[in-house]
Amino acid sequence: MTELPKTFDPAAIEIRPYFCHAFTAWATGRNFGLVADTSTGKTYLAYALADEVLASGRRVLFCAPTNVLCEQHAALARLLFRVEPDDVRFVRACQTPKRRAGAWAGGRILIATPHTAANALRQHLLQLEDVGLVIIDEGHHEARTHASIAVASAAHAQGIRILALTA
């Protein structure tokens with residue numbers, strides 16, 4: 001990948017100099033972390049990489065540490081991607097188990113806090129077999145006991161690509 005995906009409005013994203021390095025790292029097939037200052041386009045870059053996964057028919061799981069941040073990511077995903085609004089699912093812990101199970105089962109872009117995703121994996125509400133990328137926002141919050149580690153470990157065990165973002 002050397003250019004922005006076709007699903008994005010070119011005017012919506014400013015290409016930053018570091019994007020080419022991230023696209024090169026992505027092309028190697030490895031997991032990686034992206035460290036860049038706040039407001040430098042990390043989320044746009046992550047969605048550009050996610051576009052390739054979505055185009056292959058696989059789903060994307062995006063974890064962010066707070067519900068407010070998850071809501072922002074869901075709103076941005078609905079703006080950037082040419083998908084049905086229901087294809088972007090923000091799964092909340094406060095939803096009933098039946099509603100969460102339905103949310104996890106549908107949609108192409110799944111967004112949740114790491115705790116919600118880890119609990120869903122533990123309860124077998126979230127299946128990762130058709131997920132091609134896990135994005136972990138605010139990666140600097142990670143520690144051995146943090147729920148993101150459980151999510152990333154489950155993804156890694158199934159050969160799913162992982163991208164961590166942090167400022």
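By class, five nonpolar, nine polar and three charged residues make up the lining of the largest pocket. The model behind this report is a predicted one, so please read every value here as computed from that prediction.

**The largest pocket**

Let us stay with that pocket for a moment. Its volume is about 300 Å³. Among the 17 lining residues, Lys 42, Thr 43, His 73, Asp 137 and Glu 138 are the closest to the pocket centre. Three elements each give two or more residues to the lining: helix H2 (42-55), helix H3 (67-80) and strand E6 (161-166). Which of the elements gives the most to the lining? That is H3, with four residues.

**Asp 137, a buried acid**

One of the residues closest to the pocket centre, Asp 137, sits in the loop between strand E5 (131-136) and helix H6 (147-157). Asp 137 is buried, yet no salt bridge is found for this residue. How far away is the nearest side chain of opposite charge? Lys 42 holds that place, at 6.4 Å. A salt bridge needs a nitrogen-to-oxygen separation within 4 Å. What Asp 137 does have is a polar contact of 2.7 Å between its side chain and that of His 73. His 73, like Lys 42, is listed among the residues closest to the pocket centre, so anyone looking at the pocket will meet both partners there.

**Two positive phi values**

Most residues other than glycine have a negative phi. Two residues here are worth a look with that in mind. Glu 138 has a phi near 60°, a positive value in a residue other than glycine. Glu 138 lies in the loop between E5 and H6, and at 24% relative accessibility this residue counts as partly exposed. His 124 also has a positive phi, near 65°. His 124 is placed in the loop between helix H5 (114-122) and E5. Is His 124 buried or exposed? With a relative accessible area of 62%, His 124 is exposed.

**Salt bridges**

How many salt bridges does the structure hold? There are three, and the table gives their partners and distances.

| Positive partner | Negative partner | Closest N to O distance |
|---|---|---|
| Arg 59 | Asp 130 | 3.2 Å |
| Arg 92 | Glu 71 | 2.6 Å |
| Arg 89 | Asp 86 | 2.9 Å |

The salt bridge between Arg 59 and Asp 130 links distant parts of the chain, with Arg 59 in strand E2 (residues 59-63) and Asp 130 in the loop between H5 and E5, 71 residues apart. Arg 59 is buried, with a relative accessible area of 8%, whereas Asp 130 is partly exposed at 30%.

Arg 92 and Glu 71 form a salt bridge as well. Arg 92 lies in the loop between strand E3 (88-90) and helix H4 (97-105), while Glu 71 belongs to helix H3, so this pair ties together parts that are 21 residues apart in sequence. Arg 92 is partly exposed, with a relative accessible area of 27%, and Glu 71 is partly exposed at 34%. Helix H3 therefore holds a salt-bridge partner, Glu 71, and also gives four residues to the pocket lining.

The side chains of Arg 89 and Asp 86 meet in a salt bridge too. Arg 89 counts as buried, at 16% relative accessibility.

Terms used:
Residues numbered from 1 in each chain as written. Predicted model: local features only at pLDDT ≥ 70, side-chain atom pairs only at ≥ 80, totals over all residues. Heavy atoms only, no water. 1 Å grid on protein atoms, 1.4 Å probe; cavity = no way out; pocket = protein on both sides within 12 Å on 5 of 7 lines; lining within 4 Å. Points joined across faces, edges and corners; volume = space filled by probe spheres on them. Nonpolar A, V, L, I, M, F, W, Y, C, P; charged D, E, K, R; others polar. Buried < 20%, exposed > 50% of the residue type's maximum accessible area, 1.4 Å probe, protein only. Lys, Arg positive; Asp, Glu negative; His and termini not counted. Polar contact = N/O pair within 3.5 Å; in protein donor to acceptor, adjacent residues only side chain to side chain.
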